[in-house]
Amino acid sequence: GLPARVRIHEVGARDGLQNEKATVPTAVKAEFVHRLAAAGLGTVEATSFVHPKWVPQLADAKALFPQLQDIEGVHLPVLVPNERGLDRALDLGARRIAVFGSATESFARRNLNRSVAESLAMFAPVVARAKDAGVHVRGYLSMCFGDPWEGPVALGQVVRVAKELMDLGCDELSLGDTIGVATPGHVSALLTGLNEAGVGTETIGVHFHDTYGQALSNTLAALQYGVTTVDASAGGLGGCPYAKSATGNLATEDLVWMLHGLGIETGVDLAALTATSVWLAGHLGRPSPSRTVRALAGA
Ligand code: HMG
Ligand code: MG
């Protein structure tokens, strides 16, 4: 059966804006996050405390994060690759962080300047210190279904790295289809493999990119498997600057349309969310790629 409620982990302000050519002013980002929270999203990933030269679009994290502190009752996780990033995030009072590993060596090298083993070693003290500070830790795992340099990724390899990431002490695991190549059977197979390895479905979130138009089908397969946390990006913004051929994430509006149609609660006000994406598209100078945004906005 399908769940009664789904928790949407909104990534537009991070995964979306990190990939925009134009750097969005800090004030616009702050208003974007406020509007997403007001639209009923309970988890709004805010920014990344990464090296500013690696992701210049999010180099204003230190200025932005304090501007979000008046938002109540909404989780505002931030990405943190290493202890330097953790220090920066904790200094500003972050209560939820995410480390981000890769199932493949090629992407680990390009995204983190480390091998898979070296990146896990880099995360170990980050997760340990965060847990000691009572901070919730999400572990992202990229390239779970395919890699632009390596092609298909062996399921056993994904399960092994996922297990190592969870063994560091992460509270939650987000399975990234970074380049959007997954199809529903592949999703069920990976969830089965993870379950067999002892990674419980209740700790798993799915993170689909919509490159091949499969993100909603993949989401439905995951829901049927018992997953209740789904990552999505308002207006379908997104991609990854270090993964060629990654396009936008599953659009939050498309996801909400499907979930509400299925009678699944999200807490999201779809009209307010769509208005937010239309407003942001005005700042970005191009229309949202989301079919639902276009349909509802009459564009
Ligand atoms: P590095 O060059 O190996 O860094 O980069 P380092 O450890 O050698 O340090 C070099 C200098 O950087 C030092 O300064 C550090 O202090 C500084 P120096 O002593 O030379 O003056 N530094 C920092 N400064 C600020 N904040 C920091 C930080 N760390 C070091 N956190 C590093 C290694 C991990 C830092 C770099 O590779 C990096 O920042 N990578 C981030 C890449 C990224 O953000 N990618 C996008 C997110 S992942 C994604 O989008 C996928 C996802 O959506 C899921 C999916 O779709 O699959 C999550
Ligand atoms: Mg992503």
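In this predicted model, helix α4 gives the largest share of the shell around ligand 1, namely 3 residues. The shell as a whole has 25 residues, and the closest to the ligand are Val50, Gly85, Ser142, Gly176 and Thr178. Three elements each supply at least two residues of this shell: α4 (83-91), α5 (105-112) and β6 (136-142). By residue class, the shell around ligand 1 splits into 11 nonpolar, 11 polar and 3 charged residues.

Of these elements, strand β6 can be followed further into the structure. Ser142, one of the residues closest to ligand 1, stands opposite serine 102. That pairing belongs with the contact between β6 and strand β5 (residues 96-102): the two strands run parallel and are joined by 7 bridges.

β6 also pairs with strand β7 (residues 172-177), again in the parallel sense, over 4 bridges. Here tyrosine 140 of β6 stands opposite serine 174 in β7. Between these two strands the chain passes through helix α7 (residues 155-167), and the resulting β-α-β crossover is right-handed. β7 spans residues 172-177, and Gly176 is among the residues closest to ligand 1.

How is β6 placed relative to the rest of the structure? Of its 7 residues, 6 are buried, so the strand is largely enclosed by the rest of the structure. A residue is counted as buried here if 20 or more other C-beta atoms lie within 10 Å of its own. Strand β6 thus pairs with β5 and with β7, and it also supplies at least two residues to the shell around ligand 1.

Conventions: Residues are numbered from 1 along each chain as its sequence is written. Chains are lettered from A and ligands numbered from 1 in the order in which they are written. This is a predicted model: local features need pLDDT of at least 70, side-chain atom pairs count only at pLDDT 80 or more; totals for chains, interfaces and linings use all residues. A residue is near a molecule or strand if its C-beta atom, placed from the backbone, lies within 6 Å of it. Ala, Val, Leu, Ile, Met, Phe, Trp, Tyr, Cys and Pro count as nonpolar, Asp, Glu, Lys and Arg as charged, and the others, Gly among them, as polar. A residue is buried if 20 or more other C-beta atoms lie within 10 Å of its own, exposed if 12 or fewer, and partly exposed in between; C-beta atoms are placed from the backbone. Two strands pair if DSSP finds at least two bridges between them. A crossover is right-handed if, with the strands pointing away from the viewer, the path from the first strand over the helix to the second runs clockwise.
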